[in-house]
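Subject: Structure handover and findings

Hello,

The structure we discussed is below, ready for you to load. My notes on what I found follow it.

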Amino acid sequence: MRTGLRITAFAAALAATFGTAYGVGQTFDPVVADRPPAHEERHAPGESEHAPGGLQISEGGYTLDLRTPAVTAGERAELRFAVRDAEGRAVTAYRPEHDKELHLIVVSRDLTTYRHLHPERAGDGTWSTQVDLPRAGGYRVFADFTPDRAGAENLTLGADLAVSGAYSPRELPRPAAKARVDGYDVELTGALTPGRESELRLTVSREGEPVTDLEPYLGAYGHLVALRAGDLAYLHVHPEGEPGVAEPGPHVSFSATAPSGGTYRLFLDFKHDGVVHTAALTVEASHGH
(Lines give C-alpha, C1' and ligand atoms only; values in the text may rest on other atoms or scores of the structure.)
Protein backbone atom coordinates (compact mmCIF):
# COMPACT_ATOMS: atom_id res chain seq x y z
CA MET A 1 0.00 0.00 0.00
CA ARG A 2 1.37 3.41 -0.98
CA THR A 3 2.03 6.05 1.73
CA GLY A 4 -0.89 8.23 0.64
CA LEU A 5 -3.33 5.33 0.86
CA ARG A 6 -2.02 4.34 4.32
CA ILE A 7 -2.57 7.91 5.65
CA THR A 8 -6.08 7.98 4.18
CA ALA A 9 -6.98 4.66 5.78
CA PHE A 10 -5.58 5.79 9.15
CA ALA A 11 -7.57 9.05 9.01
CA ALA A 12 -10.76 7.17 8.23
CA ALA A 13 -10.21 4.79 11.13
CA LEU A 14 -9.45 7.68 13.46
CA ALA A 15 -12.64 9.48 12.42
CA ALA A 16 -14.66 6.32 12.98
CA THR A 17 -13.15 5.94 16.46
CA PHE A 18 -14.04 9.49 17.46
CA GLY A 19 -17.48 9.10 15.97
CA THR A 20 -18.06 5.99 18.08
CA ALA A 21 -16.79 7.71 21.21
CA TYR A 22 -19.12 10.64 20.58
CA GLY A 23 -22.04 8.26 20.17
CA VAL A 24 -21.22 6.52 23.44
CA GLY A 25 -20.96 9.87 25.17
CA GLN A 26 -24.42 10.77 23.92
CA THR A 27 -25.89 7.46 24.99
CA PHE A 28 -24.64 7.31 28.60
CA ASP A 29 -24.71 10.00 31.28
CA PRO A 30 -21.31 11.25 32.43
CA VAL A 31 -19.90 9.73 35.60
CA VAL A 32 -19.37 13.17 37.14
CA ALA A 33 -21.81 15.91 36.29
CA ASP A 34 -20.35 19.24 35.27
CA ARG A 35 -20.58 21.92 37.95
CA PRO A 36 -21.19 25.54 37.08
CA PRO A 37 -18.34 27.94 37.83
CA ALA A 38 -18.37 29.39 41.31
CA HIS A 39 -19.44 32.83 40.07
CA GLU A 40 -22.52 31.33 38.41
CA GLU A 41 -23.88 29.64 41.55
CA ARG A 42 -27.26 30.85 42.62
CA HIS A 43 -28.90 30.74 46.05
CA ALA A 44 -32.60 30.89 46.79
CA PRO A 45 -33.70 33.90 48.86
CA GLY A 46 -32.84 33.36 52.51
CA GLU A 47 -30.40 30.52 51.87
CA SER A 48 -26.80 30.70 53.07
CA GLU A 49 -24.10 31.71 50.57
CA HIS A 50 -21.39 30.15 52.73
CA ALA A 51 -20.47 26.49 52.41
CA PRO A 52 -21.63 24.44 55.42
CA GLY A 53 -19.06 22.69 57.56
CA GLY A 54 -17.76 19.20 56.93
CA LEU A 55 -17.88 19.27 53.13
CA GLN A 56 -14.19 20.15 52.82
CA ILE A 57 -11.13 18.32 54.06
CA SER A 58 -9.24 21.65 54.11
CA GLU A 59 -10.43 25.10 55.13
CA GLY A 60 -8.95 28.26 56.60
CA GLY A 61 -5.41 26.95 56.26
CA TYR A 62 -6.13 23.71 58.15
CA THR A 63 -6.38 20.15 56.82
CA LEU A 64 -7.78 16.97 58.35
CA ASP A 65 -5.19 14.21 57.94
CA LEU A 66 -7.07 10.92 58.50
CA ARG A 67 -4.42 8.26 59.14
CA THR A 68 -6.98 5.41 59.27
CA PRO A 69 -8.93 5.53 55.99
CA ALA A 70 -10.55 2.09 56.39
CA VAL A 71 -11.77 -0.27 59.13
CA THR A 72 -13.74 -3.54 59.24
CA ALA A 73 -17.41 -3.69 60.23
CA GLY A 74 -18.05 -5.25 63.62
CA GLU A 75 -14.41 -5.10 64.70
CA ARG A 76 -12.99 -2.68 67.23
CA ALA A 77 -10.36 -0.47 65.65
CA GLU A 78 -8.30 2.60 66.43
CA LEU A 79 -8.90 5.76 64.43
CA ARG A 80 -5.86 8.01 64.15
CA PHE A 81 -5.75 11.48 62.65
CA ALA A 82 -4.15 14.91 62.91
CA VAL A 83 -5.11 18.45 62.03
CA ARG A 84 -2.37 20.18 60.04
CA ASP A 85 -1.78 23.87 59.48
CA ALA A 86 -0.80 25.58 56.24
CA GLU A 87 2.85 24.56 56.75
CA GLY A 88 1.93 20.92 57.25
CA ARG A 89 2.60 20.93 61.00
CA ALA A 90 0.29 19.02 63.32
CA VAL A 91 -1.76 21.42 65.45
CA THR A 92 -1.17 20.99 69.19
CA ALA A 93 -3.03 23.99 70.64
CA TYR A 94 -6.83 24.09 70.67
CA ARG A 95 -9.44 26.28 72.32
CA PRO A 96 -11.91 24.14 74.31
CA GLU A 97 -15.49 24.13 72.97
CA HIS A 98 -18.26 22.41 74.93
CA ASP A 99 -15.74 21.08 77.47
CA LYS A 100 -13.52 19.44 74.79
CA GLU A 101 -10.63 20.50 72.57
CA LEU A 102 -12.06 18.56 69.65
CA HIS A 103 -15.29 16.70 68.91
CA LEU A 104 -15.17 13.77 66.47
CA ILE A 105 -18.36 12.67 64.72
CA VAL A 106 -18.46 9.44 62.69
CA VAL A 107 -21.64 8.80 60.70
CA SER A 108 -22.67 6.46 57.90
CA ARG A 109 -23.62 7.93 54.54
CA ASP A 110 -27.20 6.69 54.99
CA LEU A 111 -27.33 8.50 58.39
CA THR A 112 -28.40 5.37 60.30
CA THR A 113 -25.16 4.82 62.26
CA TYR A 114 -23.79 7.65 64.40
CA ARG A 115 -20.93 8.00 66.86
CA HIS A 116 -19.92 11.07 68.88
CA LEU A 117 -16.37 10.43 70.10
CA HIS A 118 -13.81 12.30 72.18
CA PRO A 119 -10.33 11.23 71.06
CA GLU A 120 -7.13 11.79 73.01
CA ARG A 121 -4.29 13.91 71.68
CA ALA A 122 -0.64 12.91 71.93
CA GLY A 123 2.14 15.43 72.39
CA ASP A 124 2.95 15.38 68.66
CA GLY A 125 -0.61 16.42 67.74
CA THR A 126 -1.85 12.96 66.71
CA TRP A 127 -5.39 12.16 67.87
CA SER A 128 -6.63 8.60 68.47
CA THR A 129 -9.82 6.89 69.63
CA GLN A 130 -11.37 3.44 69.59
CA VAL A 131 -14.38 2.85 67.35
CA ASP A 132 -16.66 -0.11 66.61
CA LEU A 133 -18.92 0.37 63.58
CA PRO A 134 -21.54 -2.37 63.12
CA ARG A 135 -22.33 -1.96 59.43
CA ALA A 136 -20.27 -1.84 56.23
CA GLY A 137 -20.43 1.05 53.80
CA GLY A 138 -19.28 4.61 53.30
CA TYR A 139 -18.85 6.83 56.35
CA ARG A 140 -17.90 10.45 56.97
CA VAL A 141 -15.58 11.60 59.76
CA PHE A 142 -16.03 15.15 61.09
CA ALA A 143 -13.49 16.99 63.25
CA ASP A 144 -15.11 19.96 65.03
CA PHE A 145 -12.52 22.26 66.66
CA THR A 146 -11.18 25.79 67.17
CA PRO A 147 -7.41 26.42 66.90
CA ASP A 148 -5.97 28.31 69.84
CA ARG A 149 -4.69 31.38 68.07
CA ALA A 150 -5.83 34.99 67.78
CA GLY A 151 -8.80 35.46 65.47
CA ALA A 152 -9.32 31.72 64.91
CA GLU A 153 -12.85 30.57 64.19
CA ASN A 154 -14.54 27.24 64.81
CA LEU A 155 -14.02 24.80 61.93
CA THR A 156 -15.53 21.47 60.91
CA LEU A 157 -13.42 19.43 58.51
CA GLY A 158 -14.57 16.16 56.96
CA ALA A 159 -12.95 13.07 55.45
CA ASP A 160 -14.27 9.80 54.06
CA LEU A 161 -13.94 6.51 55.93
CA ALA A 162 -14.50 3.09 54.32
CA VAL A 163 -15.95 0.28 56.45
CA SER A 164 -15.47 -3.12 54.80
CA GLY A 165 -17.87 -6.04 55.05
CA ALA A 166 -21.18 -7.21 53.62
CA TYR A 167 -22.99 -4.02 52.66
CA SER A 168 -26.77 -3.69 52.97
CA PRO A 169 -28.16 -0.20 52.33
CA ARG A 170 -30.89 1.24 54.54
CA GLU A 171 -33.46 3.90 53.84
CA LEU A 172 -33.44 7.12 55.81
CA PRO A 173 -36.26 7.05 58.41
CA ARG A 174 -39.22 9.23 57.50
CA PRO A 175 -39.58 12.69 59.04
CA ALA A 176 -41.11 12.58 62.52
CA ALA A 177 -41.31 14.87 65.52
CA LYS A 178 -40.82 12.02 68.02
CA ALA A 179 -38.12 9.45 68.67
CA ARG A 180 -37.64 6.71 71.23
CA VAL A 181 -34.28 5.54 72.62
CA ASP A 182 -33.41 3.32 75.60
CA GLY A 183 -36.87 3.74 77.12
CA TYR A 184 -36.88 7.54 76.72
CA ASP A 185 -39.16 9.54 74.42
CA VAL A 186 -37.87 12.70 72.75
CA GLU A 187 -40.24 15.15 71.08
CA LEU A 188 -39.23 18.02 68.80
CA THR A 189 -40.93 21.41 68.79
CA GLY A 190 -39.88 23.93 66.15
CA ALA A 191 -38.47 23.53 62.66
CA LEU A 192 -35.33 24.17 60.64
CA THR A 193 -35.68 27.17 58.35
CA PRO A 194 -33.33 27.70 55.38
CA GLY A 195 -31.08 30.72 55.80
CA ARG A 196 -32.64 31.83 59.07
CA GLU A 197 -31.90 31.01 62.68
CA SER A 198 -34.68 29.13 64.42
CA GLU A 199 -35.25 27.46 67.78
CA LEU A 200 -35.36 23.71 68.16
CA ARG A 201 -36.78 22.51 71.48
CA LEU A 202 -36.48 18.87 72.42
CA THR A 203 -38.45 17.47 75.34
CA VAL A 204 -37.28 14.31 77.10
CA SER A 205 -39.73 12.05 78.95
CA ARG A 206 -39.79 8.52 80.34
CA GLU A 207 -42.85 6.36 80.99
CA GLY A 208 -45.07 9.30 80.13
CA GLU A 209 -43.45 11.64 82.68
CA PRO A 210 -41.13 14.54 81.81
CA VAL A 211 -37.51 14.11 82.84
CA THR A 212 -36.72 17.17 84.96
CA ASP A 213 -33.30 16.15 86.24
CA LEU A 214 -31.16 15.93 83.10
CA GLU A 215 -27.45 16.04 83.87
CA PRO A 216 -24.88 18.37 82.30
CA TYR A 217 -23.19 16.95 79.21
CA LEU A 218 -20.51 18.84 77.26
CA GLY A 219 -21.29 22.08 79.06
CA ALA A 220 -25.05 21.94 78.49
CA TYR A 221 -28.07 19.74 79.15
CA GLY A 222 -27.76 18.27 75.68
CA HIS A 223 -25.62 18.27 72.54
CA LEU A 224 -27.20 18.38 69.08
CA VAL A 225 -25.66 17.59 65.69
CA ALA A 226 -27.59 18.18 62.46
CA LEU A 227 -26.55 16.68 59.10
CA ARG A 228 -28.07 17.26 55.67
CA ALA A 229 -29.07 14.10 53.82
CA GLY A 230 -27.24 13.55 50.55
CA ASP A 231 -23.96 15.41 51.08
CA LEU A 232 -23.83 15.27 54.92
CA ALA A 233 -23.36 19.02 55.37
CA TYR A 234 -22.65 19.63 59.06
CA LEU A 235 -24.67 22.28 60.90
CA HIS A 236 -23.28 24.15 63.87
CA VAL A 237 -26.00 24.00 66.51
CA HIS A 238 -25.70 26.04 69.70
CA PRO A 239 -27.36 25.11 73.01
CA GLU A 240 -29.35 27.71 74.92
CA GLY A 241 -28.89 27.90 78.69
CA GLU A 242 -25.94 26.75 80.76
CA PRO A 243 -25.96 24.30 83.67
CA GLY A 244 -26.23 26.22 86.94
CA VAL A 245 -28.17 28.97 85.16
CA ALA A 246 -30.93 27.17 83.25
CA GLU A 247 -33.20 24.54 84.78
CA PRO A 248 -32.19 20.89 84.05
CA GLY A 249 -34.99 19.82 81.73
CA PRO A 250 -37.23 18.41 80.49
CA HIS A 251 -36.71 20.88 77.64
CA VAL A 252 -33.39 21.29 75.85
CA SER A 253 -33.30 24.19 73.38
CA PHE A 254 -30.94 24.95 70.52
CA SER A 255 -30.58 27.60 67.85
CA ALA A 256 -29.78 26.41 64.34
CA THR A 257 -29.73 27.66 60.76
CA ALA A 258 -30.26 25.31 57.82
CA PRO A 259 -28.06 26.28 54.83
CA SER A 260 -30.77 25.15 52.40
CA GLY A 261 -34.07 23.36 52.13
CA GLY A 262 -34.00 19.59 52.26
CA THR A 263 -33.97 16.62 54.61
CA TYR A 264 -31.85 16.65 57.77
CA ARG A 265 -31.04 14.13 60.46
CA LEU A 266 -30.84 15.40 64.05
CA PHE A 267 -28.81 13.55 66.71
CA LEU A 268 -29.43 14.59 70.32
CA ASP A 269 -27.05 13.45 73.06
CA PHE A 270 -28.42 13.81 76.59
CA LYS A 271 -27.35 12.46 79.96
CA HIS A 272 -29.56 10.97 82.67
CA ASP A 273 -28.78 8.70 85.60
CA GLY A 274 -25.12 8.83 84.63
CA VAL A 275 -25.66 7.44 81.12
CA VAL A 276 -25.46 9.29 77.78
CA HIS A 277 -28.25 8.46 75.31
CA THR A 278 -28.57 9.47 71.64
CA ALA A 279 -31.94 10.13 70.01
CA ALA A 280 -32.23 10.58 66.22
CA LEU A 281 -34.96 12.35 64.26
CA THR A 282 -35.47 13.13 60.57
CA VAL A 283 -36.82 16.61 59.74
CA GLU A 284 -37.56 18.65 56.64
CA ALA A 285 -36.36 22.24 56.22
CA SER A 286 -38.51 24.39 53.97
CA HIS A 287 -39.37 28.06 53.51
CA GLY A 288 -42.98 27.25 54.44
CA HIS A 289 -42.09 26.78 58.12
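Over how many bridges do strand S13 (residues 197-206) and S18 pair, and in which sense? The two strands pair over seven bridges, in the antiparallel sense. Before the rest, please keep in mind that this is a predicted model.

Confidence and overall make-up

The mean pLDDT of the protein chain is 83, with 79% of its residues at 70 or more. Residues 1-49 have a pLDDT below 50, and beyond near neighbours in sequence this stretch makes 16 contacts in the model.

The protein chain has 289 residues, of which 39% count as buried. In secondary structure, the protein chain has one helix and 20 strands. Among the contacts in the protein chain with a separation of 6 or more, 65% are between residues 24 or more positions apart. The exposed area of the protein chain is about 15700 Å², and carbon and sulfur atoms supply 51% of that area.

Strand S18 and its partners

Strand S18 covers residues 251-257 and is mostly covered, with five of its seven residues buried. In the pairing with S13, Thr257 of S18 is the bridge partner of Glu197. S18 also pairs with strand S17 (residues 238-240), again in the antiparallel sense, over three bridges. In that pairing His238 stands opposite Ser255 of S18.

Thr257 also serves as a reference point for Ala285: the C-alpha atoms of the two residues are separated by 9.7 Å, while along the chain they are 28 residues apart. Ala285 lies in strand S20 (residues 275-285). Its relative accessibility is 4%, so Ala285 counts as buried. Apart from neighbours within four places in sequence, Ala285 is in contact with Leu192, Pro194, Ala258, Ser260, Gly261, Gly262 and Tyr264.

The five-stranded sheet

There is an open sheet of five strands, in the order S1-S2-S4-S8-S7, with antiparallel pairing. Strand S1 (58-59) and strand S7 (120-121) are the edge strands, each pairing on one side only. S1 pairs with strand S2 (residues 62-66) over two bridges, in the antiparallel sense. In this pairing Glu59 stands opposite Tyr62 in S2. As background for looking at side chains here, those in a regular strand alternate between the two faces of the sheet.

Arg135

Arg135 sits in the loop between strand S8 (126-131) and strand S9 (137-145). Is Arg135 buried or exposed? Arg135 counts as buried, because its relative accessibility is 11% and the cut-off for buried is under 20%. The side chain of Arg135 makes a polar contact of 3.2 Å with the side chain of Asp110. Not counting residues up to four places away in sequence, Arg135 touches Asp110 along with Ala73, Ser108, Thr112, Thr113, Val163, Ser168, Pro169 and Arg170.

Salt bridges

The count of salt bridges comes to 11. Those I looked at are these:

- Arg121 and Glu101: the side chains meet in a salt bridge at 3.1 Å, N to O. This pair links distant parts of the chain, with Arg121 in strand S7 and Glu101 in the loop between strand S4 (77-84) and strand S5 (102-108), 20 residues apart. Arg121 is partly exposed, at a relative accessible area of 30%, and Glu101 counts as partly exposed at 27% relative accessibility.
- Arg228 and Asp231: the side chains meet in a salt bridge at 2.6 Å, N to O. Arg228 is buried, with a relative accessible area of 13%, whereas Asp231 is partly exposed, with a relative accessible area of 30%.
- Glu87 and Arg89: the closest N and O atoms of this salt bridge are 3.2 Å apart. Glu87 and Arg89 are both exposed.
- Asp65, Arg67 and Arg84: these residues are linked in a network of salt bridges.

Regards

Key:
Residues are numbered from 1 along each chain as its sequence is written. This is a predicted model: local features need pLDDT of at least 70, side-chain atom pairs count only at pLDDT 80 or more; totals for chains, interfaces and linings use all residues. Side-chain values use heavy atoms; hydrogens and water are left out. Helices (H or I, at least four residues) and strands (E, at least two) are DSSP runs, numbered from the N terminus. Buried means under 20% relative accessible area, exposed over 50%, partly exposed in between (1.4 Å probe, protein chains only). A polar contact is a pair of N or O atoms within 3.5 Å; within protein, one must be able to donate a hydrogen and the other to accept it, and residues adjacent in sequence count only if both atoms are side-chain atoms. Contact means heavy atoms within 4.5 Å. pLDDT is the predictor's confidence in each residue, from 0 to 100. Two strands pair if DSSP finds at least two bridges between them. A salt bridge is a side-chain nitrogen of Lys or Arg within 4 Å of a carboxyl oxygen of Asp or Glu. Accessible areas come from the Shrake-Rupley method with a 1.4 Å probe; for residues, only the protein chains shown count as cover.
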